[in-house]
Amino acid sequence: VGFLFQKMLVLLLMMSVGFAAGKLGVMTQQGNHCLSVLINKVTMPCMLLHASVSGERVLGNGDVLLLTGLYFAGFALLIALARLYRLALHPAREDGGVYELLMIFPNSAFIGIPVAAAIYGSTAVFGISLLNLPFYVALYCYGVSLIQGVPMGKVDLKQIFSPLMITSILGLALYLCNIRLPDLLAEPMQTIGQISTPGAMMLIGSTLADVPLKKAVCNWRLLLLTAGRLLLAPVAVHLVFSLFVKDEMLLGLVTLIAAMPSASFVSLLAAEYEKNEVLAAEGVFLTTILSVVTIPLMTMLLL
């Protein structure tokens with residue numbers, strides 16, 4: 001736990017550098033957009049693909065398929081939990097979708113990968129990458145319809161095929177077929193992928209520089225949502241899945257994902273569909289900052 005807390009502090013320091021850069025104008029909104037595109041379309045796919053074709057095969061093919069199924073089941077559980085939370089909090093009708101999205105979607109890539117790697121090693125990077133498939137399916141089949149307030153049948157499913165989604169499917173196929181890439185390709189892929197974690201943490205910090213902290217901590221609904229996202233969600237997932245998942249690593253990865261703060265993608269969706277972008281940013285801010293304490297706590301209690 002002490003080692004994990006140290007890792008979380010390292011991530012927080014990276015975020016702090018981004019926060020300062022945002023306040024000083026070194027990192028701008030336009031620059032953040034370009035950095036986000038670079039991470040999502042280049043560096044993160046390189047990191048995930050490298051994890052698929054290098055390192056030890058700690059996960060067997062059966063474990064890989066089981067873990068993917070567990071992620072789908074985890075999203076179903078979080079969707080149900082989010083709906084109960086929305087009924088209990090009674091937010092304004094136009095904000096209900098934002099609250100649900102903050103509860104459902106975890107920051108699995110930017111924070112989940114470095115945290116899981118700190119606990120389980122490099123194999124966890126591939127294990128977390130398997131989340132991309134259910135993540136984007138849930139996001140574009142349910143999340144977009146939720147925030148738009150339209151039936152799922154009217155959502156454009158072409159958006160689901162992002163570079164991360166395609167890389168995840170490709171990496172899964174390469175892993176199941178036990179295909180290894182030559183060092184000439186794997187080494188630059190690894191080096192480029194290493195940009196992902198510091199770049200993502202600085203990006204989060206810079207984005208949070210524009211969030212009004214005082215307003216966020218005075219929103220009681222958001223505070224209860226934060227407690228649900230960081231404490232209730234991992235406990236619920238762990239209790240339910242521990243009934244039938246006996247592999248400690250698989251159970252641990254699913255629990256860790258549930259313990260992550262809200263995904264920054266929620267803010268992007270809120271902005272794209274002209275919903276309460278400030279509320280989404282505040283939720284990402286609170287859950288991200290407080291996760292520095294709650295993730296080691298949940299790890300100590302559940303793993």
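Begin the tour by selecting helix α3, which contributes four residues to the lining of the largest cavity and thereby gives the most to that lining. The model on the screen is a predicted one, and every value quoted along the way is computed from it.

**The largest cavity**

With α3 still highlighted, add helix α13: α3 spans residues 61-89 and α13 spans residues 248-258, and each of these helices supplies at least two residues of the lining of the largest cavity. To display the lining in full, select Y71, G74, F75, L78, L131, V237, V254, I257 and A258. By residue class, this lining divides into eight nonpolar residues and one polar residue, with no charged residue. The space inside the largest cavity comes to about 70 Å³, and the structure as a whole holds four cavities of 30 Å³ or more.

**L253 in helix α13**

Stay with helix α13 and select L253, which lies in that helix. Is L253 buried or exposed? Its relative accessibility is 0%, and because buried means under 20% relative accessible area, L253 counts as buried. Showing the surroundings of L253, and setting aside residues up to four places away in sequence, brings up L67, Y71, A116, Y120, A124, G127 and I128 as the residues that L253 touches. One of these, Y71, also appears in the lining of the largest cavity. For a sense of distance along this part of the chain, draw a line from the C-alpha atom of L253 to that of A270: the two residues are 17 residues apart along the chain, and the atoms are separated by 28 Å.

**Aromatic pairs**

Next, show the aromatic side chains, among which a search of the whole structure finds six pairs. Select F75 and F135 as one example: their ring centres are 6.1 Å apart and their planes stand at 75 degrees, so the pair is edge-to-face. The two rings join distant parts of the chain, since F75 belongs to helix α3 and F135 to helix α7 (residues 132-148), with their positions 60 residues apart in the numbering. Both F75 and F135 are buried, and F75 is also one of the residues lining the largest cavity. Extending the selection to F105 and Y136 completes a cluster in which ring pairs link F75, F105, F135 and Y136.

How are the rings of F126 and Y175 arranged? Their centres lie 4.1 Å apart and their planes meet at 20 degrees, so this pair is stacked. Here too, distant parts of the chain are linked, with F126 in helix α6 (residues 123-129) and Y175 in helix α8 (residues 163-176), 49 residues apart. F126 is buried, with a relative accessible area of 1%, and Y175, at 2% relative accessibility, likewise counts as buried.

**T287 in helix α15**

For the last stop, move to helix α15, which covers residues 277-302, and select T287 within it. T287 has a relative accessible area of 0% and is buried. Which backbone oxygens does the side chain of T287 reach? One belongs to G283, reached at 2.8 Å, and another to V284, reached at 3.2 Å. Finally, display the contacts of T287 while leaving aside its neighbours within four places in sequence, and the residues that appear are T226, R229, L230, P261 and S262.

How values were computed. Residues numbered from 1 in each chain as written. Predicted model: local features only at pLDDT ≥ 70, side-chain atom pairs only at ≥ 80, totals over all residues. Heavy atoms only, no water. 1 Å grid on protein atoms, 1.4 Å probe; cavity = no way out; pocket = protein on both sides within 12 Å on 5 of 7 lines; lining within 4 Å. Points joined across faces, edges and corners; volume = space filled by probe spheres on them. Nonpolar A, V, L, I, M, F, W, Y, C, P; charged D, E, K, R; others polar. Buried < 20%, exposed > 50% of the residue type's maximum accessible area, 1.4 Å probe, protein only. Contact = heavy atoms within 4.5 Å. Phe/Tyr/Trp six-rings, centres within 6.5 Å; stacked < 30°, edge-to-face > 60°. Polar contact = N/O pair within 3.5 Å; in protein donor to acceptor, adjacent residues only side chain to side chain.
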